[in-house]
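Okay, thanks for making room for me this week. I'd like to walk you through one model, so let me put it up on the screen.

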Amino acid sequence: MRNFLSVLAVLLLSVAASAQPGHIVLDSEAEGIPVQPTMYGLFFEDINFAADGGLYAELVKNRSFEFDNPLMGWETFGKVEVRSDGPFERCPHYVRLRYAGHPVMFTGLENEGFFGMGIEEGKEYRFSVWARTAPYAEGRKAKAAAKEFVTVHLCDDATMEESQMFASEVLEICGSEWKKYETVIKAPKTCTRATLRLFLETWSEDPQVEYRKDCCVDLEHISLFPVEVFNADENGLRKDIAETLAALKPGVLRFPGGCIVEGTTLEQRYQWKNSVGPVENRPTNMNRWNYTFAERLFPDYYQSYGLGFYEFFRFAEEIGAEALPVISCGMACQFQNDPADHPHAEPGLKELQPYIDDCLDLIEFANGPATSKWGKVRAEMGHPAPFNLHYLAVGNEQWGMDFVERLRFFVEAIRAKYPDIKLIGSAGPYLGGEWFEELWPAMRELGCDLVDEHYYSTENFFERNATRYDSYPRESKTKVFAGEYACHGTDGKKWNHFNAALVEAAFMTGLERNADVVNMATYAPLLAHVDGWQWRPDLVWFDNTRVVKTSNYYVQQLYSLNKGEEVLPLLMGGKPLVGGPESRQICASAVRQGDEYIVKIANLGSYSQDIFLDLKGFGAVSGASVTVLHSDNAVAENTLDEPELVVPVTEEIDLAPCPDPDNYWLYGWRTLEDGTPSLKTKIGGRSFAVFKFKK
Ligand code: AHR
């Protein structure tokens with residue numbers, strides 16, 4: 001009896017201790033909720049020059065002369081003519097360069113790149129071009145020369161030095177058959193806004209001839225690529241940007257959008273079949289972010305599809321993420337179209353079949369054997385093994401019964417042929433409201449595996465909604481994909497800043513706590529060129545040679561690197577800690593990752609708080625650390641010039657016991673009556689802290 005009473009006393013004391021305000025109890029032995037490997041991922045959208053001019057390493061804009069204005073991005077001099085009977089069926093334009101008409105005049109052209117070209121000292125750049133010699137004059141008897149010469153210059157047009165040209169190479173073009181020529185140029189200096197200039201030479205190999213008047217050459221698909229790209233891939237990605245994304249260790253990569261999936265018209269939708277095969281023959285499409293905002297207009301924003309579906313699958317594989325392609329459901333952008341104008345494919349197989357085929361063929365492209373029609377395309381591009389696609393989203397952020405009645409046909413066809421593919425439907429563009437309410441039951445009824453929710457909202461929303469998913473039905477087989485979200489600050493603070501990152505961190509404790517409901521989450525948009533953005537905030541900013549990680553990036557990274565394998569309960573004052581006023585402005589979540597226990601805490605209060613972290617089930621603690629993201633300036637943000645204003649700081653936590661455990665003011669380890677180690681620590685005001693403990 002005495003024993004029982006003393007056990008009871010210990011239990012009561014420990015309950016009393018852990019129920020005290022300020023005590024947060026992590027029960028390391030509780031049954032956890034599995035965290036999906038896909039939990040934190042990337043949403044790549046071709047907005048803000050994220051693809052051409054961004055992640056895709058090509059430096060030449062309009063390399064195939066396929067923009068609506070075929071010479072957009074180019075300046076020409078001398079005699080340059082655009083022609084349209086080139087060697088690539090889906091990219092028929094090319095340029096013909098002829099003798100300028102006088103020996104001291106020049107013929108050639110210059111490409112401005114994407115806001116210039118980022119060229120760095122000591123690095124190598126591969127110039128390539130499809131070319132042939134051509135007859136100077138038209139006519140049956142006109143003959144092309146056996147050889148022509150083209151000089152390639154890298155130029156700094158803004159320099160005050162004698163020469164704008166700072167690197168050059170000469171290409172010898174032999175014969176009148178189209179061939180690919182290439183040369184590597186090493187940069188002797190850095191120029192962040194370089195241009196590429198090409199000259200038709202009038203040289204003759206005959207020493208008797210000073211210059212030729214019949215020089216003529218045809219040029220097509222003019223390209224300049226850094227030799228060093230991510231993973232040394234052919235047709236690869238800009239190394240610094242790709243590495244920044246890889247460092248997030250994302251579980252999933254959603255691509256290629258966003259609204260570009262839908263298109264302003266169906267003709268302009270993203271058609272994945274146009275984005276595979278040889279790059280020279282991928283047709284160009286106007287990007288819808290070219291004209292979406294009159295106040296941020298980019299008439300030169302097109303999609304070369306150089307970064308196409310093959311490259312997306314390859315990148316996903318390289319960074320260990322599940323690929324999640326999004327395919328048109330036969331509906332053009334609903335924001336931009338009045339249904340009365342019949343902009344969409346009509347429901348029914350008659351009009352939807354080509355869109356459904358695009359989905360089925362895509363699955364074959366990704367997963368089919370190299371002998372299948374589309375698997376062969378993949379194999380010929382260099383990846384005979386399947387990409388192991390598991391997820392497919394049909395439609396971007398569609399809404400209304402118009403969507404549901406079309407999606408039904410896709411679900412039936414895909415399920416019939418590929419029952420294991422997980423399908424993702426949409427909850428529309430908003431975080432609640434009529435469309436949201438009608439879509440969720442409809443998506444469940446259709447048997448979608450996940451539903452893509454989008455919310456760009458205020459600080460107030462993110463601060464108060466760590467509990468958003470607590471009330472979602474847990475038994476439903478249809479899970480949440482928070483596919484686009486970001487804090488858009490109030491009071492006009494619609495840019496990346498520390499406070500937005502902090503409230504996102506607080507909100508994300510709710511995603512994590514509800515890992516049985518939320519299986520994927522991707523911040524949006526991902527990338528933005530500082531000179532070419534249409535939408536902000538964005539996770540990563542860059543210019544032609546630099547990349548900066550936002551404070552929002554660091555929040556995403558602290559989650560993705562510490563996502564754990566299972567979520568464990570946290571109690572405060574004896575109740576589940578879910579955020580909100582009762583928890584003293586603290587939002588928190590905990591996971592187990594191997595032998596590590598990770599507690600994420602966002603203190604939304606203005607003042608620092610003393611807390612006790614009670615590690616229930618720990619005999620002893622063998623390692624402890626804390627990583628803190630904080631800025632005293634709520635609107636501080638990392639920029640290209642000041643990239644480290646807000647960065648996480650990690651400290652080891654001393655494991656030595658508190659010298660005077662009864663002294664309330666002292667910090668450090670104490671042992672509770674039941675033997676539970678308890679760490680008394682401080683969480684700074686408006687801070688996000690990630691604690692790690694090893695048993
Ligand atoms: O991320 C910007 C846009 O927001 C996306 O293209 C679209 O899906 C959403 O409306």
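Let's start with the strands: over how many bridges do strand β10 and β13 pair, and in which sense, parallel or antiparallel? The count is 6 bridges, and the pairing of β10, residues 147–155, with β13 is antiparallel. Before I go on, keep in mind that this is a predicted model.

If you want one spot to click on in that pairing, take Thr 151, whose bridge partner in β13 is Phe 199.

Now, β13 has other partners too. Strand β7, which covers residues 107–111, runs antiparallel to β13, and 5 bridges join them. Have a look at Glu 110 there, since it sits opposite Arg 197 of β13. Then there's strand β8, residues 117–119, which is also antiparallel to β13, with 2 bridges between them. In β8's neighbourhood, look for Ile 119: its bridge partner in β13 is Cys 191.

And how much of β13 itself is buried? Of the 10 residues in β13, which spans 191–200, 8 are buried, so to speak mostly covered.

Okay, on to the ligand. Which residues surround it? On the charged side you'll find Glu 45, Glu 397 and Glu 484. The ligand also has Trp 289, Trp 535, Tyr 456, Pro 525 and Cys 259 around it, along with Gly 258, Asn 396 and His 454. By class, that shell comes to 5 nonpolar, 3 polar and 3 charged residues.

A few polar atoms come up close to ligand oxygens. For Glu 484, an N or O atom of the side chain is 2.7 Å from a ligand oxygen. Asn 396 also uses its side chain, with an N or O atom 2.9 Å from an oxygen of the ligand. With Cys 259 it's the backbone instead: a polar atom there is 2.8 Å from a ligand oxygen. As for cover, the ligand taken alone exposes 280 Å², and the protein buries 95% of that.

Last topic, cysteines. How many disulfides does the count come to? The answer is 0 disulfides. Take Cys 359: its closest cysteine sulfur is in Cys 329, 9.0 Å away, so that's too far for a bond. The cut-off for a disulfide is 2.5 Å between the sulfurs. Cys 359 is also buried, at 0% relative accessibility. Cys 658 is buried as well, with a relative accessible area of 6%.

That's my tour, happy to rotate the view for anyone.

Terms used: Residues are numbered from 1 along each chain as its sequence is written. This is a predicted model: local features need pLDDT of at least 70, side-chain atom pairs count only at pLDDT 80 or more; totals for chains, interfaces and linings use all residues. Side-chain values use heavy atoms; hydrogens and water are left out. Buried means under 20% relative accessible area, exposed over 50%, partly exposed in between (1.4 Å probe, protein chains only). A residue is near a molecule or strand if one of its heavy atoms lies within 4 Å of it. A polar contact is a pair of N or O atoms within 3.5 Å; within protein, one must be able to donate a hydrogen and the other to accept it, and residues adjacent in sequence count only if both atoms are side-chain atoms. Accessible areas come from the Shrake-Rupley method with a 1.4 Å probe; for residues, only the protein chains shown count as cover. Helices (H or I, at least four residues) and strands (E, at least two) are DSSP runs, numbered from the N terminus. Two strands pair if DSSP finds at least two bridges between them.
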